[in-house]
Amino acid sequence: MKVTVVGSGDAFGTGGRSNTCFRVDSDGGTLLVDFGASALVSWNRLGMSTLDIGGIVISHLHGDHFAGLPFLLLESQFVSERRKPLVIAGPPGLHTRLEMACEVLFPGMTGNRWAFPWSVVEIDPGGKDRDIAGFSVRTIEVRHPSGAPATGIRVSDGKKLFAYSGDTSWTASLPAIAQDADLFMCECYGAAHPIPNHIDWPNLRANLSSLKAKRICVTHMGRSALDAIPEIKAAGLMVAEDGKVFDL
Ligand SMILES: [Zn+2]
């Protein structure tokens, strides 16, 4: 399994980083985790083709995690001329919110005659593993108000496991999300003072011993977290950067 960081930024592009997106490649195909508003820009900057994408799993319904989807759908229709199916999975409420986002950004878009079939799969957090584009996917609810359940995500290709916290304040769900992961990608928005609905570095550091993952990498960093990168690395964690690749 190979994980490419497409977007490692916060909602505001702090540090010039893209909104959240991770690309997971395996022998079975390519699955994306999140597709934030600016993810397609970063995707193109990295020289990748959207035709490679088999499916996408969305952690929660904030714009910096799912609002790139209308752009991706239109790019697939008119630029890359996709013909194969695309599956978009995420929390309950995804279908309605995605249609709303499409219509706000490009009125009439949902009435397109699509040249490729795309479908939305809403996953109940905490349920069974689901097969999404050839990967086994499990979502677990976390604490982050977004108008729908917010989730962490575990993605397995049967050999390796990639786990992602989503956005959340510290919750007892996080050790379960990270458990035995070959790579656990954990949000760490701040370092200077606690930020509602997010993890800050002192909070993460205090809870590190409960995260039983082989590697932990922080992402979704605001200014104070970016300033704390030397300290985060000194504690043995990795730090995500747009374009960084992990061979698991
Ligand atoms: Zn969020």
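The exercises below work through the fold of a predicted model, from the whole chain to single residues.

Local features need pLDDT of at least 70 and side-chain atom pairs count only at pLDDT 80 or more, while totals for chains, interfaces and linings use all residues. Residues are numbered from 1 along each chain as its sequence is written.

**Exercise 1. The whole chain**

Task: Find how many helices and strands the protein chain has, then describe its overall dimensions.

Solution:
- Step 1. Count the DSSP runs: helices are H or I with at least four residues, strands are E with at least two, and both are numbered from the N terminus. The protein chain has eight helices and 14 strands.
- Step 2. Take the radius of gyration over C-alpha atoms; the globule rule is 2.2 Å times the number of residues to the power 0.38. The chain gives 17 Å, close to the 18 Å of the rule for 248 residues, so it is as compact as a globular protein of that length.
- Step 3. Fit a box along the principal axes. The C-alpha atoms fill roughly 50 × 35 × 35 Å.
- Step 4. Check burial. A residue is buried if 20 or more other C-beta atoms lie within 10 Å of its own, exposed if 12 or fewer, and partly exposed in between, with C-beta atoms placed from the backbone. Buried residues make up 49% of the 248 residues.
- Step 5. Check contacts, which need C-beta atoms, placed from the backbone, within 7 Å. Of the contacts with a separation of 6 or more, 63% link residues 24 or more positions apart.

**Exercise 2. The seven-stranded sheet**

Task: In what order do the seven strands of the open sheet stand?

Solution:
- Step 1. Pair the strands; DSSP must find at least two bridges between them. The order is 6-5-4-3-2-1-14, with mixed pairing.
- Step 2. Find the edges. Strand 6 (118–122) and strand 14 (245–247) each have a single partner strand, so one side of each is left without a neighbour in the sheet.
- Step 3. Read the twist. Neighbouring strands are turned by 20 degrees against each other on average, direction ignored. Axes here are lines fitted to C-alpha atoms, for helices over the stretch in contact, and angles run from 0 to 180 degrees between N-to-C directions.
- Step 4. Inspect the strand 14 edge. Strand 1 (residues 2–7) runs antiparallel to strand 14, joined by three bridges. Thr4 stands opposite Val245.
- Step 5. Inspect the strand 6 edge. Strand 5 pairs with strand 6 in the parallel sense over five bridges. Leu86 has Trp118 as its bridge partner in strand 6.
- Step 6. Trace the connection. The chain passes from strand 5 through helix 4 to strand 6 in a right-handed β-α-β crossover. Right-handed means that, with the strands pointing away from the viewer, the path from the first strand over the helix to the second runs clockwise. Helix 4 (residues 94–105) lies across strand 5 (86–90) and strand 6, at about 135 degrees to strand 6.

**Exercise 3. Strand 12**

Task: Which strands pair with strand 12, and which of its residues are buried?

Solution:
- Step 1. Strand 11 (residues 183–187) pairs with strand 12 in the parallel sense over four bridges. Glu187 has Thr219 as its partner.
- Step 2. Strand 11, helix 6 (residues 201–207) and strand 12 make a right-handed β-α-β unit.
- Step 3. Strand 13 (residues 238–239) runs parallel to strand 12, with two bridges. Cys217 stands opposite Met238.
- Step 4. In a regular strand the side chains alternate between the two faces of the sheet. On strand 12 (residues 216–219), Ile216 and Val218 are buried on one side, Cys217 and Thr219 on the other.

**Exercise 4. Single residues**

Task: Which residues touch the most other members of the largest nonpolar core, and are Ser26, Asp34 and Ala133 buried or exposed?

Solution:
- Step 1. A nonpolar core is a set of buried Ala, Val, Leu, Ile, Met, Phe, Trp, Tyr and Cys residues joined through C-beta atoms within 7 Å. The largest has 72 residues; Phe22, Phe162 and Ala163 touch the most other members.
- Step 2. Look around Phe162. Beyond four places in sequence, its contacts include Met1, Val24, Leu183 and Leu248.
- Step 3. Ser26 is in strand 2 (residues 21–26). Ser26 counts as buried because it has 21 C-beta neighbours inside 10 Å. Outside four places in sequence, Ser26 contacts Met1, Phe135 and Asp157.
- Step 4. Asp34 lies in the loop between strand 3 (29–33) and helix 1 (39–45). Its phi is positive, about 70 degrees, although Asp34 is not a glycine. With 28 C-beta neighbours inside 10 Å, Asp34 is buried.
- Step 5. Ala133 lies in the loop between strand 7 (130–132) and strand 8 (135–141). Its phi is about 55 degrees. With 21 C-beta neighbours inside 10 Å, Ala133 is buried.

Definitions and conventions: Two residues are in contact if their C-beta atoms, placed from the backbone, lie within 7 Å.
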